[in-house]
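Dear colleague,

I am passing on the structure we spoke about, and my notes on it follow below. Please keep it open beside you as you read.

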Amino acid sequence: MHSSEREFLEKADEELEKVNTFYATQEAELLGRGEALIDQLRILADVKRILADHAATRRARGSLLGRSRSMPAVAPPSPAFSGSGRYLLSGLATPQSMSDGSVELQQAQMTEGAAVADEVMAALERNGVSFVGLPGKKDAKKEGSGRGGRLQLPSTVRIDIPASNPGRAALKVWEELVNVLRKDGADPAAAFVHRKKVQHAEKNIRDAFMALYRGLELLKKFSSLNVKAFTKILKKFVKVSEQQRATDLFSQKVKRSSFSTSDKVLQLSDEVEALFLKHFAGNDRMVAMKYLNPQQPKNTHMITFLVGLFTGTFVSLFIIYAILAHVSGIFASTGNTAYMEVVYHVFSMFALISLHCFLYGCNLFMWKSTRINQNFIFDFAPNTALTHRDAFLMSASIMCTVVAALVINLFLRNAGASYANAVPGGLIVLSAGLLLCPFNVFYRSTRYCFMRIMRNIMFSPFYKVLMADFFMADQLTSQIPLLRHMEFAACYFMAGSFRANPYETCTTSQQYKHLAYVISFLPYYWRAMQCLRRYIEEHDINQLANAGKYVSAMVAAAVRFKYNVTPTPFWMWMVLISSSGATVYQLYWDFVKDWGFFTPKSKNLWLRDDLILKNKFTYYISMMLNLVLRLAWAQSVMKIRINKNETRLLDFSLASLEIIRRGHWNFYRLENEHLNNVGKFRAVKTVPLPFRELETD
């Protein structure tokens, strides 16, 4: 055997050892996660069974007591099962309930509550869940016997649901307050298991099963692909070297490897599938596989056809509109100023939305071409996530509808119709209605996801910040002109200005100017609040530094607003200083933190070690383009002398360039995130489990 052949086998043996080690590590992690998850499901099933049994007992006892009374009376709610859906675990009546009803009913309620508490505590203890301040049942009963026969039980059962929204946060704060009061010797009657918490726990466990199943499927694919890879490599090695005996020995070693022979992953996968089928799918296999193994919808040529149809229609209508507008003379310096104000704001608003959708489609196309898993990064369901064709269809249909509305509006205006200005307003109402439409048309899942993310952004920092949330908030920081156009449209149409007042009402009033100032820094405020929320949860100092970037942008926006009001040399210098500082801050964060460039001792000059695009020159061009477009604010201090229509065109062009810069930024941001996930072997999300073992006090 030649030295080169021996070296090849040694290298192959090293790679085989790496594969074995990685497989063994991932297998042990998944098996441990599966064992913990099955215990969680057992706890959940016990709690649900106990609560359901006692709910049925309570209803039966209530009907018997109702028939035994000579006069009808309304029984107070049981402390074990209150009408609000809270199941009290202490079995103790509140002071109000002790003063109402008969002694027998109160004793029955206390007995029932104690029984519920005992069974729930026992079920959880069987599955290894501890409690805060657990004194032991015997001691608790002795202590309770010395207090008028009242049963003193351990403290509240902790179902650990992350405080991802204001409701969960308030519930968590209340429970912490209850725990503090209980430690101080207060009445423990407030300890409860809330029905909604049980529902949240069930949802978390279901999501954890889905993530576990995906991890098991990926590990099975890893095993089969590596077996196939080693087989093909050895076949080619035999053809080249004719070392049949050495190849057979290595092939046997591959077959005996743990990643090739272990069936633990396969068994756990079957068990997870069976449990999910039983507990979460009602024994319906099609429903179970819809959750466990969602399939992407098949691409059809209809979407491509519609994209072409709407694009061609948009181009034709735009040419017609341009000809009609030129003939009418509305673009001339002596044209209808009021019409131009309305058309400019409405058209710009929808055009900027359409451009952003188009660039998002380009992002989706590039991410798919470079195998960047954006659905995993954003936690989107594969069967409902948008494709690049869908994004192009949304962009083309929006622009086609808008230009058609402008053509109709111009026809009505030239005909002297008094209600011509209602057409743009009707277009806005139609768009809002389509966004809120409850029917499953025009990408309902995407529309609802968008509204949910916007709610999370607007109520920052009260909602947990996910990748999709702060990614969308970053998009909003590039859409400040769009928000300004929406402000004008809301003022002009919703306030009835197009009937009673001239359009100057929405541009000259002090309230309008102050609102414009607020809108200019509102996206930056939301993004800063998200950074503070992440700092509180993750204790990452980089989040505070990131919040500082958005604060500097707010300061720069405020100074530019002041300069527009009082254009003095002093404020011009203040604009240069504040905007330059904010730009340097933003460029540093773009290149170093968001894109991961300027890595020390990188093999790629000024870049990072791992690059997805093959041509490194593309990255340098992108850096220069981002630098130039970040300096667009400089036109605010240049005071270019142009007419009103040219000013509108310049503003629209600068807004479009900022959106192009953001679409360009999006690709590299997700490229860096994808490479970080690959480097840390993150392929499935980690779902927090609701029943957590707690240390006793």
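In which loop does Pro461 lie? Pro461 is in the loop between helix H16 (444-458) and helix H17 (467-477), and the peptide bond that joins Ser460 and Pro461 is cis, with omega of about 5 degrees. Please bear in mind throughout that this is a predicted model.

Some backbone angles also deserve a look. Most residues other than glycine have a negative phi, and most peptide bonds are trans. Arg371, in the loop between helix H12 (337-369) and H13, has a positive phi, near 60 degrees, and with a relative accessibility of 73%, over the 50% cut-off, Arg371 counts as exposed. His539, in the loop between helix H21 (510-538) and helix H22 (541-565), has a positive phi near 55 degrees, and its relative accessible area of 65% makes His539 exposed as well. Phe681, just after H25, likewise takes a positive phi, of about 55 degrees. As for helix H25 itself (residues 644-679), its 36 residues should span 52 Å at 1.5 Å a residue, and this agrees with the 53 Å between its end C-alpha atoms.

Turning to the interior, the largest nonpolar core holds 38 residues, of which Ile205, Phe209, Leu216, Phe230, Phe250, Phe259 and Val272 touch the most other members. At least two residues of this core come from each of helix H1 (3-68), helix H6 (195-241), helix H7 (244-256), helix H9 (264-279) and helix H10 (285-292), and H1 gives the most, with 12 residues. Apart from this core lies another, of 37 residues, including Ile330, Val423, Ile428 and Cys506. Within the former, Val272 touches Phe209, Leu212, Tyr213 and Leu216, if residues up to four places away in sequence are not counted.

Leu386 belongs to the loop between helix H13 (374-378) and helix H14 (388-414), yet Leu386 counts as buried, because its relative accessibility of 15% is under the 20% cut-off. Leaving aside neighbours within four places in sequence, Leu386 is in contact with Tyr360, Leu364, Met394, Tyr443 and Thr446. Leu386 and Thr446 are 60 residues apart along the chain, while their C-alpha atoms are separated by 7.4 Å.

Finally, on the surface, Val315, Ile319, Ile323 and Val327 make a nonpolar patch of about 370 Å²; Ile323 has its place in helix H11 (residues 301-328). In soluble globular proteins, nonpolar side chains tend to be buried together.

With best wishes

Definitions and conventions
Residues numbered from 1 in each chain as written. Predicted model: local features only at pLDDT ≥ 70, side-chain atom pairs only at ≥ 80, totals over all residues. Heavy atoms only, no water. Helix = DSSP H or I, 4+ residues; strand = E, 2+ residues; numbered from the N terminus. Expected span 1.5 Å × (residues − 1). Patch = residues over 30% accessible without salt bridge, like charges linked within 9 Å, V, L, I, M, F, W, Y side chains within 5 Å. Areas by Shrake-Rupley, 256 points an atom, 1.4 Å probe, with all protein chains shown as cover. Salt bridge = Lys/Arg side-chain N within 4 Å of Asp/Glu carboxyl O. Core = buried A, V, L, I, M, F, W, Y, C linked by side-chain atoms within 4.5 Å. Buried < 20%, exposed > 50% of the residue type's maximum accessible area, 1.4 Å probe, protein only. Contact = heavy atoms within 4.5 Å.
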